[in-house]
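Q: Could you take me on a close look at one part of this model, starting from a single side chain and working outwards through what surrounds it? I'd love one connected account rather than a list.

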Amino acid sequence: MTRRLILSCLACAACAGAGCWFPDIDARIQDSDSLEDFGAVMSIRGIAGSSVAEVVAVFSDARGFATDLEDGRVVAIGGVALDPVGGLGVYSATIPANATYVVTVTDPTRGVQTTQIDAVDDVTITQPAAGETVSLSGFSLQWLGRDSSLDVVLTLSETIFGDEKRREFGPEPDAGGYTFDADDLSIFQQGANLLISVTRIRTQEHINGFGSATLTAEHTQSQTNLPGP
């Protein structure tokens, strides 16, 4: 056992300045000077009609392994600190919905850095009208506020006898509309409401304080329609 530990220490000394991973030891030894060696993927998700937004973030170390924040490092949105939620490196928070969000990264080795991202405006679906019958042979979905700087994800879902059927389309640049054909709608059937959701996404490829990061602000509008022939 002593010989094994000595060999491990020698190997770690050989790769000083980087994290070391030993397949036969259930532990990862990290050597990270600051969050600027870390990566982050963070999403701020708003829903139409809600006064709050949900934040989900995943942090990773310099080798791409999921990792928790330690040593006094704190990430907050609008003054609300993100908390771990069970999975390694996974954090979340519920924050007030706002027109602009400020991400604050506190690292004892680098101080405090901030990043700002604008929220995505409400989506107004103009076609089909909520509650209207839509044809499973194909129909057109349209919304106001087309913005090609944003991406859009469209979600269709239907629950029958407790079984949810779901399809997603995108992300694609926001074109203000999409036409579904029969193949797109083939898994759905008449007899239950069809939930239509439009999610528009703003993306920034940086968060100050992290070496690499993706920050998104999302906003979702949903309505129900009746599937028809």
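A: Happily! Let's start at Leu82: apart from its neighbours within four places in sequence, Leu82 is in contact with Met42, Val55, Ala57, Phe59, Val75, Ala76, Ile77, Tyr91, Ser92 and Ala93. Please keep in mind that this is a predicted model.

Leu82 belongs to the largest nonpolar core, which has 26 residues, and Leu82, Met42 and Phe210 are the residues with the most contacts inside that core. Two or more residues come from each of β3, β4, β5, β8 (90-96), β9 (100-107) and β18, and β4 gives the most, with four residues. As a general background, nonpolar side chains tend to be buried together in soluble globular proteins.

Now look at the strands that frame this core. Strand β3 (residues 39-47) pairs with β4 in the antiparallel sense, over eight bridges; one of the places to check is Ile44, whose bridge partner in β4 is Val55. Val55 is also among the residues that Leu82 contacts. The hairpin of β3 and β4 has four residues between the strands, and there Gly49 takes a positive phi near 85 degrees. Strand β3 is also joined to β18 by nine bridges, and these two strands run parallel. In that pairing, Gly39 stands opposite Ser212 in β18.

Another contact of Leu82 is Phe59, and this ring leads us to Phe210. The ring centres of Phe59 and Phe210 are 5.5 Å apart and their planes lie at 0 degrees, so the pair is stacked. Phe59 sits in strand β4 (residues 52-60), while Phe210 is in the loop between β17 (194-204) and β18 (212-228), so the pair links distant parts of the chain, 151 residues apart. Phe59 counts as buried because its relative accessibility is 0%; Phe210 is buried as well, with a relative accessible area of 8%.

On another side of Leu82 we meet Val75, Ala76 and Ile77. Strand β5 (residues 74-77) pairs with β6 in the antiparallel sense, over two bridges, and Ala76 has Ala81 as its bridge partner in β6. These strands are part of an open sheet of four strands with antiparallel pairing, in the order β6-β5-β9-β10. The edge strands are β6 (80-81) and β10 (111-118), each of which pairs on one side only.

A charged pair also belongs in this neighbourhood. Asp107 and Arg73 meet through their side chains in a salt bridge, at 3.8 Å from N to O. Because Asp107 lies in strand β9 and Arg73 in the loop between β4 and β5, the pair ties together parts that are 34 residues apart in sequence. With a relative accessible area of 4%, Asp107 is buried, and Arg73 is buried too, at 11%.

To finish, it helps to see where this core ends and another begins. A second, separate core of 17 residues includes Phe139, Leu141, Phe188 and Val198. Phe139 forms a tilted aromatic pair with Phe180, 5.1 Å centre to centre with 45 degrees between the planes. Phe139 lies in strand β13 (residues 138-143) and Phe180 in strand β16 (residues 177-181), so this pair ties together parts 41 residues apart in sequence. Both Phe139 and Phe180 are buried, and ring pairs link them with Phe169 and Tyr178 into a cluster.

How values were computed. Residues numbered from 1 in each chain as written. Predicted model: local features only at pLDDT ≥ 70, side-chain atom pairs only at ≥ 80, totals over all residues. Heavy atoms only, no water. Phe/Tyr/Trp six-rings, centres within 6.5 Å; stacked < 30°, edge-to-face > 60°. Buried < 20%, exposed > 50% of the residue type's maximum accessible area, 1.4 Å probe, protein only. Pairing = 2+ DSSP bridges. Core = buried A, V, L, I, M, F, W, Y, C linked by side-chain atoms within 4.5 Å. Contact = heavy atoms within 4.5 Å. Salt bridge = Lys/Arg side-chain N within 4 Å of Asp/Glu carboxyl O.
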